[in-house]
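Morning, everyone. I have one structure for you today, so let me put it on the screen.

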Amino acid sequence: MSEPTAYVPPKVWTWNKYNGGQFANINRPIAGPTHEKELPVGRHPLQLYSLATPNGVKVTVMLEELLALGHSGAEYDAWLIRINEGDQFGSGFVAINPNSKIPALMDRSGPEPIRVFESGSILMYLAEKFGEFLPSDPAKRAECLSWLFWQMGSAPYIGGGFGHFFAYAPVKIEYAIDRFAMEAKRQLDVLDRRLAEVPYIAGDDYTIADIAIWPWYGNLVRGQIYGGGEFLQVQEYENVVRWAEKIAERPAVQRGRMVNRAFGELSEQLRERHDAGDFLTKTQDKLEAADAE
């Protein structure tokens, strides 16, 4: 068998939209809407347009945590955005997030609607709006925000890097998998060393740093994303595993991870959320009926 021919980049890159891969039908090198589609608006002050990917789960967990603390102003409508079908390229969604990525939030509680996009920005906006999960002490606040932005900068290596090449790429490329597996393990080691010193990421208290990091790294060590836990030997990171399981026990986290979920076990899905009672009235029959529509 002959050795495969090494790829030589062309002088000018051109878009080959038939290059394969799980997300080839929605990836493109240009921005802007592909079709006209207005977004629905519910009755609550906060309107969330999302999907229960790790970035989407951050925001629904945050909202459920705020509601658990008694902040009625955090009531929200969560509308499902099916990214595999291109909903994020509708004109209404692009008007909220020009980057066409979930999650996107509209705050209609004031005289003028406020759009907020990028998951870390939404967490910070909600933390400041309701005065929760972001320390007021300057040193503690700086620590919390440092870890929040660490996650925002690091997670692409987990998702678009390790997750993509290990789980989704049409061709398994040893160099790419090795490169991003090494970086994923380095990041887990960063967290493990930190969590050997403190119970939560930013210190003694649960903050938006935990809410941001848990859907990615917590779910990675719990075997909930990419199926790469055994490959990465995640059990080595005992402090991360302990922290991840502790966060997973929080009722608001359990509710938040269900919202806008349209995959996995039907019993764990709440595709749209318009009222707290939706968690109680959700049934498989409703979900199966939604599938048939």
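I will take the pocket first, then the salt bridges.

A word before we start: this is a predicted model.

So, the pocket. The largest one has a volume of about 1600 Å³. Its lining counts 47 residues. Which of them lie nearest the centre? Those are Phe 23, Thr 53, Asn 55, Ile 83 and Trp 216.

Now look at the helices around it. Three of them each give at least two residues to the lining: α1, spanning 54-68, α4, spanning 138-168, and α6, spanning 208-221. The largest share is from α4, with eight residues. As for chemistry, the lining splits into 23 nonpolar, 17 polar and seven charged residues.

On to the salt bridges. How many does a search of the whole structure find? The count is 15. I will show you three pairs and one network.

Pair one is Asp 275 with Arg 43, at 3.1 Å from N to O. This bridge ties together distant parts of the chain, 232 residues apart. Asp 275 sits in the loop between α9 (251-256) and α10 (278-281). Arg 43 is in the segment before β1, which covers 46-50. What about accessibility? Asp 275 is partly exposed, at 31% relative accessible area. Arg 43 is exposed, at 63%.

Pair two is Arg 194 with Glu 143. Their closest N and O atoms are 3.3 Å apart. Again the bridge links distant parts of the chain, here 51 residues apart. Arg 194 belongs to helix α5, residues 174-195, and Glu 143 to helix α4. Remember α4 from the pocket: that helix gave the largest share of the lining. Is Arg 194 buried or exposed? Its relative accessibility is 15%, and the cut-off for buried is under 20%, so Arg 194 counts as buried. Its partner Glu 143 is partly exposed, at 29%.

Pair three stays inside one helix. Arg 193 and Asp 189 form a salt bridge of 2.9 Å, N to O. Both residues lie in α5, four residues apart, which is about one turn of the helix. Arg 193 is exposed, with 57% relative accessible area. Asp 189 is partly exposed, with 27%.

Last, the network. Four residues are joined by salt bridges that share partners: Glu 64, Glu 75, Arg 255 and Arg 273.

To recap: a pocket lined by 47 residues, and 15 salt bridges across the structure. That is my slot; over to you.

Conventions. Residues numbered from 1 in each chain as written. Predicted model: local features only at pLDDT ≥ 70, side-chain atom pairs only at ≥ 80, totals over all residues. Heavy atoms only, no water. 1 Å grid on protein atoms, 1.4 Å probe; cavity = no way out; pocket = protein on both sides within 12 Å on 5 of 7 lines; lining within 4 Å. Points joined across faces, edges and corners; volume = space filled by probe spheres on them. Nonpolar A, V, L, I, M, F, W, Y, C, P; charged D, E, K, R; others polar. Salt bridge = Lys/Arg side-chain N within 4 Å of Asp/Glu carboxyl O. Buried < 20%, exposed > 50% of the residue type's maximum accessible area, 1.4 Å probe, protein only.
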